[in-house]
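Work through the exercises below with the sequence and the model open side by side. Each task is followed by a solution that goes step by step.

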Amino acid sequence: MRKVSLVLIFLFFSVAVKVKAQSNNQNTWTYTYLKAANGQKENLKIFLKKNWFAMDSIAVKQGLFNDYELIENISKNDSLTWDFIVAVEYFTTGTYTDIAEKWQAISKAHQTININGLSFKELGKIVKSETVQNNSDIKYSPPCIGEQFEILRPFLGDWEEYIVEDGKEQLFGRLIISLSTEGCSLNKKFLLYNRSGSYLTSGYYDPAEKAWFETFMFRNGNYTKYKWVVEGKDVVMVRIASSSKSDYLNRNRWTNITPDSFDILEERSYDLGKTWKVFSTTKLKRK
């Protein structure tokens, strides 16, 4: 079985880590580095999920593994030495030697699923494997990694917000958007320039809905809750609840997104969503 050192990943491959409580068992993680063949990265990911993880899920149900994960290298560097890490956590210090016989039974029963007619040898290769033993009550794992966080990436940072009227921009506030280091929750902090005014938000990802939900909390005690919806290249924040009543539906369309700026169009509907009109426009520029 392939083995990888989590410590070496942190030191040599700069995989970000977070600290999370765990039991005192001396569990062992095996990390396997894989490199995709030219143009086959997505197909390799599908292969791993349909084959390796199909077997790993059975091993978890049988109590052979404690956990398994797929870590993706999202760096744009063309000279990457690996594209994915497959991580497996064992209950014991003996790792594969303690479960070899039962694992072989799972492997023999599994029928390999090729992707677009391509086998594993044609999709990629194993480039390295190492191992680490967890000798404390601390577990390291990559933070905020997964497809659900990609929708947030363009907006993270420190922004200055401008009101746009008649083609003219007027600076009126500062918006900071971040992910918390604990829990990977979405947070916003807004400060209004020149006069008192601010709000805070807290957001979370709902796996069942496959969407982000965000609650705005204002100085006067009011709140508003939104759901993030992707529409083409835009992100639309749809209001789904509020402590204040109104005679219209509300949504905020984040559009014209670039690395250094984006626009927010506040849209309102007075006919239950049949038609929408832009009520206000703001532009955000990276500070």
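**Exercise 1: A loop residue**

Glu209 is found in the loop between strand 10 and strand 11, where helices (H or I, at least four residues) and strands (E, at least two) are DSSP runs numbered from the N terminus. The model is a predicted one, in which local features need pLDDT of at least 70 and side-chain atom pairs count only at pLDDT 80 or more, whereas totals for chains, interfaces and linings use all residues. Residues are numbered from 1 along each chain as its sequence is written, and side-chain values use heavy atoms, with hydrogens and water left out.

Task: state how Glu209 is classed by relative accessibility, and give the separation of its C-alpha atom from that of Lys227.

Solution. Begin with the classes: buried means under 20% relative accessible area, exposed over 50%, and partly exposed in between, with a 1.4 Å probe and protein chains only. The value for Glu209 is 42%, so this residue counts as partly exposed. Then turn to the distance: Glu209 and Lys227 are 18 residues apart along the chain, and their C-alpha atoms are separated by 9.8 Å.

**Exercise 2: The barrel and a lysine in it**

Task: determine in what order the 10 strands of the barrel follow one another, and then describe the surroundings of Lys188.

Solution. Step one is the sheet, in which 10 strands close into a barrel in the order 7-8-9-10-11-12-13-14-15-16 with antiparallel pairing; two strands are taken to pair if DSSP finds at least two bridges between them. Neighbouring strands of this sheet are turned by 25° against each other on average, direction ignored, the axes being lines fitted to C-alpha atoms (for helices over the stretch in contact) and angles running from 0 to 180 degrees between N-to-C directions.

Step two is the location of Lys188, which belongs to strand 9 (residues 186–192). Strand 9 is joined by 6 bridges to strand 10 (residues 198–206), the two running antiparallel, and Lys189 stands opposite Leu200 of strand 10.

Step three is the environment: Lys188 has a relative accessibility of 4% and therefore counts as buried. Its side chain makes a polar contact of 3.2 Å with that of Glu214, a polar contact being a pair of N or O atoms within 3.5 Å, of which, within protein, one must be able to donate a hydrogen and the other to accept it, while residues adjacent in sequence count only if both atoms are side-chain atoms. Once neighbours within four places in sequence are set aside, the residues in contact with Lys188 (heavy atoms within 4.5 Å) include Tyr199, Phe216, Trp228, Met237 and Trp254.

**Exercise 3: Strand 14 and its two partners**

Task: establish how many residues of strand 14 are buried, and trace the bridge partners on either side of Asn252.

Solution. Of the 7 residues of strand 14, 6 are buried, so the strand is largely enclosed by the rest of the structure. Strand 13 pairs with strand 14 in the antiparallel sense over 4 bridges, and these two form a hairpin with 6 residues between them; here Met237 has Asn252 as its bridge partner. Strand 14 is joined to strand 15 by 7 antiparallel bridges, and in strand 15 the partner of Asn252 is Glu266. In the hairpin of strand 14 and strand 15, with 5 residues between the strands, Asn256 takes a positive phi near 50°.

**Exercise 4: The open sheet**

Task: work out which strands stand at the edges of the open sheet, and which helix packs on it.

Solution. The sheet is made of 4 strands in the order 3-4-2-5, paired antiparallel. Strand 3 (65–72) and strand 5 (124–133) are at the edges with a single partner strand each, so one side of each lacks a neighbour in the sheet. From one strand to the next the twist averages 15°. Strand 2 (residues 28–36) and strand 4 (residues 84–90) pair in the antiparallel sense over 7 bridges, with Thr30 opposite Val88 of strand 4. Helix 2 (residues 41–61) packs on this sheet and touches strand 2, strand 3, strand 4 and strand 5, its direction making about 170° with that of strand 3.
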